[in-house]
Amino acid sequence: MADGGGEAEPSRLLPILLLNLSAAVWGSTFFLTKGVVADHSPLTVLMLRFGLAALVMWLARPGALRGLPRRTWVRAVGLGVIYGAAQIPHYYGLRYAPASTAGFLVGTYVVFTPVLGYLVLRRRSSALTMVGVATALAGLAIFSWHNTAFGPGEVLCLVAAVLYAAQIVSMGVWAVPGRIWAITTVQMMTVSVVVGVPASLQGLDVPTAAEDWLAIVYLALVAGAIGIGVQTWAQTRLADTHAAVIMSAEPVWAAGLAVLFTSESVTARLLLGGSLLLVANVVTSMSHTPSARRRRRVPRSGDG
């Protein structure tokens with residue numbers, strides 16, 4: 001399956017904008033996560049984050065899971081398993097690798113996504129798409145890469161990148177329009193179990209400070225439930241590689257927000273790297289048109 005050519009359609013502007021907004025939200029979590037995991041077990045923080053997200057989503061719409069087809073249950077659980085598995089090497093990789101290096105290596109899912117799409121689905125990317133991917137990788141490298149060492153932390157970040165790419169590719173195939181709330185809820189439930197089992201075996205390290213819990217609530221509801229819900233919805237309307245390019249700008253958003261809200265200053269790396277990622281977004285937008293699968297409609301009795 002090849003990517004279609006042509007200009008981006010107006011109907012795709014909203015998912016592009018919302019997915020960029022999600023990337024910005026995920027970038028904002030760098031501040032909050034760093035403080036919480038510095039004092040508490042990353043596994044416990046992840047368990048609380050995704051467990052709270054799942055609970056709130058279920059309480060808000062308990063009927064969303066009723067009548068969910070078994071096939072959709074299985075696929076939503078599969079997405080949660082992959083995403084949960086990616087969180088563990090990601091968070092522990094940050095402990096051993098410099099933050100900038102980790103940001104670059106995790107962001108290489110922008111390259112692994114079209115590779116896995118071809119290996120698993122035989123989905124070929126157009127030349128213009130690959131130009132966008134290469135441009136995004138160059139932007140990430142300019143912005144993030146400050147270190148030539150390669151140790152256990154760097155390896156863990158690369159493992160996380162492959163798993164994130166697998167989740168993006170799987171999401172593009174398994175996300176069902178009309179079932180977004182249910183699929184996102186099941187994903188949150190599954191991730192909380194995937195990280196909760198090793199957290200319990202390790203011994204729970206539950207925060208007690210109010211500011212830590214405020215951070216966890218933000219991570220759970222805004223970055224977790226809303227952010228992943230937007231990703232799930234957007235990937236029913238965008239090609240996988242385009243979604244990966246948009247989301248790879250997360251560390252640049254983090255740096256930009258740091259400039260706005262902290263004492264950090266604008267750097268040439270931020271300006272050049274961010275500009276290249278913006279160009280990559282535009283290039284991939286021009287290279288994709290929605291596939292027939294993305295145009296299909298399903299009954300909207302479950303959720304919207």
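This is a short tour of the structure, from the whole chain down to one residue.

**Stop 1: the whole protein.** Keep in mind that this is a predicted model. Show everything as a cartoon. How many helices and strands are there? The secondary structure comes to 13 helices and zero strands. Follow the chain along its sequence and the pattern is one α after another.

**Stop 2: surface and interior.** Switch on the surface. The accessible surface of the protein is about 13200 Å². Carbon and sulfur atoms account for 70% of that area. The protein has 304 residues, and 53% of them count as buried. Now consider the contacts between residues at least 6 apart in sequence: 92% of these join residues at least 24 apart.

**Stop 3: a pair of helices.** Select residues 70–96, which form helix α3. Add residues 152–174, which form helix α7. Their axes lie 8 Å apart, and the helices pack at an angle of about 160 degrees. Why are α3 and α7 called roughly antiparallel? Angles over 145 degrees count as roughly antiparallel, so α3 and α7 fit that description. Their crossing is left-handed. Colour the contact of α3 with α7 by class: it has 18 nonpolar, seven polar and one charged residues.

**Stop 4: His90.** Stay on helix α3 and select His90, which is found there. Is His90 buried or exposed? Its relative accessibility is 15%. Buried means under 20%, so His90 counts as buried. Next, show its surroundings, leaving aside neighbours within four places in sequence. His90 is in contact with Val106, Ala160 and Tyr164. Select those three residues along with His90 to finish the tour.

Notes:
Residues numbered from 1 in each chain as written. Predicted model: local features only at pLDDT ≥ 70, side-chain atom pairs only at ≥ 80, totals over all residues. Heavy atoms only, no water. Axes fitted to C-alpha atoms, helices over the stretch in contact; angles between N-to-C directions. Helix = DSSP H or I, 4+ residues; strand = E, 2+ residues; numbered from the N terminus. Parallel < 35°, antiparallel > 145°, perpendicular 65-115°, else oblique. Left-handed = near helix turned anticlockwise from the far one by under 90°. Nonpolar A, V, L, I, M, F, W, Y, C, P; charged D, E, K, R; others polar. Buried < 20%, exposed > 50% of the residue type's maximum accessible area, 1.4 Å probe, protein only. Contact = heavy atoms within 4.5 Å. Areas by Shrake-Rupley, 256 points an atom, 1.4 Å probe, with all protein chains shown as cover.
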